[in-house]
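Here are a few exercises to work through with the model open beside you. Try each task before you read its solution.

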Amino acid sequence: MSRTKPTVLFLPKWYPHEAEPFDGNFIENHAHAIKKQAQICVLFVHSEEQSENHYRIEETENQGLVEVRVFFKKPTRPISFLNKIGTALRYAKAQKIGYEKLRSKGFQFDLCHVHVLSRPSLLALSLLKKEKIPFGITEHWSGYLKERNDYHGTLKKHFTKKAVSQAAFVTTVSSYLKKSMLQHGLQSDYHVIPNVVDPEIFQPSERNSNQVEVIYVGNLIQRPKRILDILAVFAELKKEGLDFVLRLYGEGSEEKDCRRYIEENELSTTLQLKGTADRVEIGRQIGKSAFLLLFSDFENQPCVISEAQACGIPVVVPDLPGIKEFMREELGLLFPTGDREAFKAACRKMLTNYTDYKRENIQAYALKTFGEAVIGKQFGELYHQTLADS
């Protein structure tokens with residue numbers, strides 16, 4: 001490699017696009033964190049139901065990131081097995097189209113970086129074989145965890161094992177995810193590098209001195225988020241005489257049930273569904289909140305917790321392994337996963353004690369652990385070592 005700053009091809013399974021502007025934004029955040037260490041070109045492939053052409057290309061420049069999105073028309077044959085084969089073939093062709101587009105712009109890649117297995121690794125495996133370009137993997141998927149238990153399928157397991165065994169490195173966003181992958185027999189050179197936080201967006205804001213504002217950010221679904229339990233718990237806390245507003249940002253399949261529950265219990269001023277918002281607005285709302293909460297059955301390493309910490313606010317979260325390894329006593333309260341009464345007790349305590357937590361200490365921990373400069377440097381060193389060894 002002649003260049004001191006390598007050129008890296010990002011191959012994400014999830015990435016923001018017009019139909020899903022927040023899908024895989026944590027991967028985009030990683031790209032922004034790394035861009036000072038490497039030239040990043042993102043090649044994202046996705047199917048779409050309606051399309052005049054079998055393949056459609058979008059090219060964008062995103063604050064220093066070169067992005068090529070290739071969309072392919074989803075097969076609609078009456079036999080599902082044939083659709084799966086057709087989808088895989090079109091995905092592979094779309095990757096090739098995108099790669100050729102980037103090469104036509106003069107990019108020569110030193111390294112591929114796959115984000116979330118296994119389909120995006122098809123091109124990485126091909127380039128490793130044909131052009132001797134090494135690749136690494138960053139895994140975010142919670143399906144390997146025993147709590148979710150979604151790692152199934154002969155073909156998926158075959159390609160996942162092949163990709164992991166040939167990767168120069170595998171990073172996971174938590175030690176628990178690393179352990180879970182190893183338990184599935186996925187051996188590689190592992191490194192734990194968590195999700196990243198943009199400190200320009202997520203930072204403390206002035207709190208409302210007249211109102212205790214609590215925040216939830218996530219999908220409005222019962223599994224794994226337990227959203228209906230969250231509403232019920234805070235309805236009970238309201239009946240106990242505690243004064244607060246819980247603002248919930250997100251959408252999901254239980255949204256209608258949430259609205260019905262709020263209306264039937266006349267809690268519209270206390271439990272507020274705010275829908276979706278962009279990252280800047282979410283950062284502002286978190287920064288002025290008293291605390292953030294989650295009541296999930298399973299999680300990996302949720303970005304929203306580290307974002308809350310960057311904003312200097314404490315959290316009330318379940319003691320899931322991927323969460324617990326990044327928690328300290330001064331950062332908030334842990335409760336036993338799935339224990340509704342323990343969750344309520346923790347929220348009750350936090351509603352009256354949230355001012356005891358030192359915002360500057362929480363923010364300092366977040367920047368030291370999840371800050372862009374820190375995460376970017378970790379990936380930069382890993383890239384350098386990989387290329388030195390190749």
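One cut-off first: a residue counts as buried under 20% relative accessible area and as exposed over 50%, with partly exposed in between. Keep in mind that this is a predicted model.

**Exercise 1. Find Gln 63 and decide: is it buried or exposed?**

Step 1: go to the loop between β3 (55-62) and β4 (65-73), where Gln 63 sits.
Step 2: take its relative accessible area, which is 60%.
Step 3: the cut-off for exposed is over 50%, so Gln 63 is exposed.
While you're there, check the backbone: Gln 63 isn't a glycine, yet its phi is positive, at about 50°.

**Exercise 2. Do the same for Val 116: buried or exposed?**

Step 1: look in the loop between β5 and α3 for Val 116.
Step 2: its phi is positive too, about 80°, and Val 116 is not a glycine either.
Step 3: relative accessibility is 0% here, so Val 116 counts as buried.

**Exercise 3. Which peptide bond in the loop holding Ser 118 is cis?**

Step 1: Ser 118 belongs to the loop between β5 (111-115) and α3 (121-131).
Step 2: the bond joining Leu 117 and Ser 118 is cis, with omega about 10°.
Step 3: for another cis bond, move on to Arg 223 and Pro 224, where omega is near 10°. Pro 224 lies in the loop between β9 (213-217) and α6 (227-239).

**Exercise 4. Work out the surroundings of Thr 270 and of strand β11.**

Step 1: place Thr 270 in the loop between α7 (255-264) and β11 (271-275).
Step 2: with 5% relative accessibility, Thr 270 counts as buried.
Step 3: list its contacts, skipping neighbours within four places in sequence: Lys 238, Phe 244, Val 245 and Leu 246.
Step 4: now step into the strand. β10 (residues 245-249) and β11 run parallel and are joined by 4 bridges; across from Gln 272 in β11 stands Arg 247.
Step 5: 4 of the 5 residues of β11 are buried, so the strand is largely enclosed by the rest of the structure.

**Exercise 5. How compact is the whole protein?**

Step 1: count the elements, 13 helices and 14 strands.
Step 2: compare the radius of gyration, 22 Å, with the 21 Å that the globule rule gives for 390 residues; the two are close, so the protein is as compact as a globular protein of that length.
Step 3: add the burial figure: 54% of the 390 residues count as buried.
Step 4: look at contacts between residues at least 6 apart in sequence; 72% of them join residues at least 24 apart.

Note on methods. Residues are numbered from 1 along each chain as its sequence is written. This is a predicted model: local features need pLDDT of at least 70, side-chain atom pairs count only at pLDDT 80 or more; totals for chains, interfaces and linings use all residues. Side-chain values use heavy atoms; hydrogens and water are left out. Helices (H or I, at least four residues) and strands (E, at least two) are DSSP runs, numbered from the N terminus. The radius of gyration is taken over C-alpha atoms; the globule rule is 2.2 Å times the number of residues to the power 0.38. Buried means under 20% relative accessible area, exposed over 50%, partly exposed in between (1.4 Å probe, protein chains only). Contact means heavy atoms within 4.5 Å. Two strands pair if DSSP finds at least two bridges between them.
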